[in-house]
Amino acid sequence: LGVPLLLGRTVIGVLYAANHDARPFSRADVDLLTSFAGHAAVALDNTRRIRETQAALADLRETSELLRRNVEGVQLASVAHQRLTGVVLQGGSLDDLTHELQQVLQEPVLVVDARGAVLATGDAEHPPSTEELELVQDAFEDSGTHIEAGVSIAPVFAGGDPLAAVLTRSEL
C-alpha cells in the first residue's frame, strides 16, 4: 500500500507499507497510513525549514562578523586620519607620521620609495625583503593596495607619480 506524502497539494514523497503475507489492506489500514503520511510530510517539511533556518543563521553570523570587522576598520581609519592630520598640521616629519601610524595600527610600519629605499621605519632592525619590495613595485604598477603574503602595502601617489608605499607586516 502506498499513500502520498502531501504538503498542501504538493506531493513530496510516498509512504509505502507492505505485508509479508498476501492480504488486502482494509479502509482502516489506508486511513492509518494516510494519517502517518500526513505527520511524516509535516516532519519532513519542518526538518527542511530547520535546515534552511540554520543556513540562514550561519549566513547572518558571517555577515555580522564581516560588518563588525568593516566597522572596526572604518573606525581605525578615522582615528588614523585624525591623528595623521594632526601631525601634518603641526609640521611633523615623515618619521613623525610613520611613528603615529605605527601607534594607531599597533604594527611596525615602513615607508619605502619607488626605488626600494626605506624613507622611514618603525622596524629598523628588519628592512624590507626582496619579496616585499617586489610587492611594493606591483602596488606602484597597478596603483592599488596589496594585502597578501603576510603584508599590506598602500602606494602613495602625487600628481600621478609614485612617491612611496606604506608597508606593514600583517594583512590589515
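**Exercise 1.** What pattern does the protein chain follow when read along the sequence?

Solution. The model is a predicted one. Step one is to count elements: the protein chain has 3 helices and 7 strands. Step two is to put them in order, and the pattern along the sequence is β-β-α-α-β-β-α-β-β-β.

**Exercise 2.** Set the radius of gyration of the protein chain against that of a compact globule of 172 residues.

Solution. For a compact globule of 172 residues the radius of gyration would be near 16 Å. The protein chain has 32 Å. Next, take the box along the principal axes: the C-alpha atoms fill roughly 95 × 35 × 30 Å. Then turn to burial and surface. Of the 172 residues, 24% count as buried, and the chain exposes about 11600 Å², with carbon and sulfur atoms supplying 57% of it. Finally, consider contacts between residues at least 6 apart in sequence: 36% of these join residues at least 24 apart.

**Exercise 3.** Determine which residues make up the largest nonpolar core and which elements supply them.

Solution. The core has 10 residues in all: L110, V112, L135, V136, A139, F140, V151, I153, A165 and L167. Two or more residues each come from β3 (109-113), α3, β6 (151-158) and β7 (161-168). The largest share, 4 residues, is given by α3. As background, nonpolar side chains in soluble globular proteins tend to be buried together. Now take one core member, F140. Beyond its neighbours within four places in sequence, F140 is in contact with V112, D113, A114, P155, V156, F157, P162, A164 and A165.

**Exercise 4.** Is D123 buried or exposed, and what does its side chain touch through a polar contact?

Solution. First locate the residue: D123 is in the loop between β4 (118-121) and α3 (130-142). Its relative accessibility is 14%, so D123 counts as buried, the cut-off being under 20%. The side chain of D123 makes a polar contact with the side chain of H126 at 2.9 Å. Leaving aside neighbours within four places in sequence, the contacts of D123 are P108, V109, L110 and R169. Of these, L110 also belongs to the largest nonpolar core.

**Exercise 5.** Describe the backbone and exposure of Q106 and A149.

Solution. Begin with Q106, in the loop between α2 (94-105) and β3. Its phi is near 60°, a positive value in a residue other than glycine. With a relative accessible area of 62%, Q106 is exposed. Then take A149, in the loop between β5 (146-148) and β6. A149 is not a glycine, yet has a positive phi of about 50°. Its relative accessible area is 67%, so A149 is exposed.

How values were computed. Residues numbered from 1 in each chain as written. Predicted model: local features only at pLDDT ≥ 70, side-chain atom pairs only at ≥ 80, totals over all residues. Heavy atoms only, no water. Buried < 20%, exposed > 50% of the residue type's maximum accessible area, 1.4 Å probe, protein only. Polar contact = N/O pair within 3.5 Å; in protein donor to acceptor, adjacent residues only side chain to side chain. Contact = heavy atoms within 4.5 Å. Core = buried A, V, L, I, M, F, W, Y, C linked by side-chain atoms within 4.5 Å. Rg over C-alpha atoms; globule rule 2.2 N^0.38 Å. Areas by Shrake-Rupley, 256 points an atom, 1.4 Å probe, with all protein chains shown as cover.
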